[in-house]
Amino acid sequence: MDFDSDGARLHYELNGPDGGAPIVLVHGFASDYQLNWVGTQWQETLTGAGYRVIGLDCRGHGKSEKPHDPAAYALDVMAADVRGMLDHLDITVADYLGYSMGARIGVQAMLDWPDRLRHVVLGGVGWGGAFHAADEIARALRGQPTSSAVAKNFYDFAAARQSNDLEALAACIVGPQSEPDPSRLRTLTNPVLVVVGEQDDIVDEVPRLVESIPTARLVTVAGRNHMSTVPAREFKQAVIEFLGETSR
């Protein structure tokens with residue numbers, strides 16, 4: 001299914017019981033809903049727990065439109081896409097689960113429209129992360145030489161899928177982003193769970209992010225890196241328990 005978000009055609013999927021509590025799932029960079037959440041059995045886990053899963057293919061990814069203008073990927077624009085999807089579906093409030101890029105979008109969503117979100121899960125994210133290497137990642141995606149191991153890894157991940165538009169992904173990674181405003185983070189009241197792999201070398205300053213959000217707590221998944229944390233049973237268990245807690 002598709003909807004229009006400020007002129008961009010975006011794809012989403014619905015799964016689970018019609019009357020289930022809605023939860024939005026937003027994937028990481030160079031991934032999509034199917035790869036991030038279906039292949040890793042997240043959809044099965046959440047629908048089995050009675051949730052109505054709303055999976056978005058972010059602009060530039062999956063079956064959604066893939067603009068080549070970096071301005072189209074500003075963080076507040078991508079957060080507005082999620083809100084537009086909720087509006088399209090006439091959903092007032094939903095839980096949120098985002099990983100990596102999807103988690104950064106989740107932080108922006110909380111800052112821009114916190115009343116539309118209940119529990120918020122931010123996976124594979126810290127204060128900083130791969131966006132610090134954005135220019136090098138863009139160079140790699142455009143076939144230009146780079147000495148950055150992180151950039152090479154992202155290129156290999158992105159290029160492995162024929163459905164990916166590498167120029168759109170390059171535009172996405174250099175799209176306008178800024179660090180969150182600590183004074184605004186301190187005002188958040190949404191319950192927040194931050195989950196990272198013990199061996200995740202993509203993200204950094206995780207404690208800084210957690211300490212900046214008064215309602216946040218951290219779960220670290222032992223023995224997992226940025227990629228292998230996604231399907232981890234411990235990640236799923238922590239999220240199901242967190243979502244089951246009483247909302248604000």
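Guide: Contact here means heavy atoms within 4.5 Å. The model under discussion is predicted.

Visitor: With that cut-off, which residues does Trp 42 touch, not counting residues up to four places away in sequence?

Guide: Trp 42 touches Asn 36, Trp 37, Leu 97, Val 230, Phe 235, Lys 236 and Val 239. The residue is found in helix α2, which covers residues 42-48. In addition, the side chain of Trp 42 reaches the backbone oxygen of Val 230 at 2.7 Å.

Visitor: Does Trp 42 count as buried or exposed, and why?

Guide: Buried means under 20% relative accessible area. Trp 42 counts as buried because its relative accessibility is 0%.

Visitor: How should the sheet be read, and what is the order of its strands?

Guide: The sheet is open, its eight strands are paired in a mixed manner, and the order is β1-β2-β4-β3-β5-β6-β7-β8. Strands β1 (2-5) and β8 (216-221) stand at the edges with a single partner strand each, so one side of each has no neighbour in the sheet. From one strand to the next, the twist averages 25°.

Visitor: How many bridges join β2 to β4?

Guide: Five bridges join β2 (residues 8-15) to β4 (residues 52-57), and the two strands run antiparallel. Within this pairing, His 11 has Asp 57 of β4 as its bridge partner.

Visitor: Which residues have the most contacts inside the largest nonpolar core?

Guide: They are Val 24, Phe 29, Ile 105 and Leu 122, in a core of 62 residues. Helix α4 (residues 101-112) gives the most to this core, namely seven residues. A second, separate core has 21 residues, including Tyr 33, Leu 46, Val 121 and Ala 232.

Terms used: Residues are numbered from 1 along each chain as its sequence is written. This is a predicted model: local features need pLDDT of at least 70, side-chain atom pairs count only at pLDDT 80 or more; totals for chains, interfaces and linings use all residues. Side-chain values use heavy atoms; hydrogens and water are left out. A nonpolar core is a set of buried Ala, Val, Leu, Ile, Met, Phe, Trp, Tyr and Cys residues joined through side-chain atoms within 4.5 Å. Buried means under 20% relative accessible area, exposed over 50%, partly exposed in between (1.4 Å probe, protein chains only). Helices (H or I, at least four residues) and strands (E, at least two) are DSSP runs, numbered from the N terminus. A polar contact is a pair of N or O atoms within 3.5 Å; within protein, one must be able to donate a hydrogen and the other to accept it, and residues adjacent in sequence count only if both atoms are side-chain atoms. Two strands pair if DSSP finds at least two bridges between them. Axes are lines fitted to C-alpha atoms, for helices over the stretch in contact, and angles run from 0 to 180 degrees between N-to-C directions.
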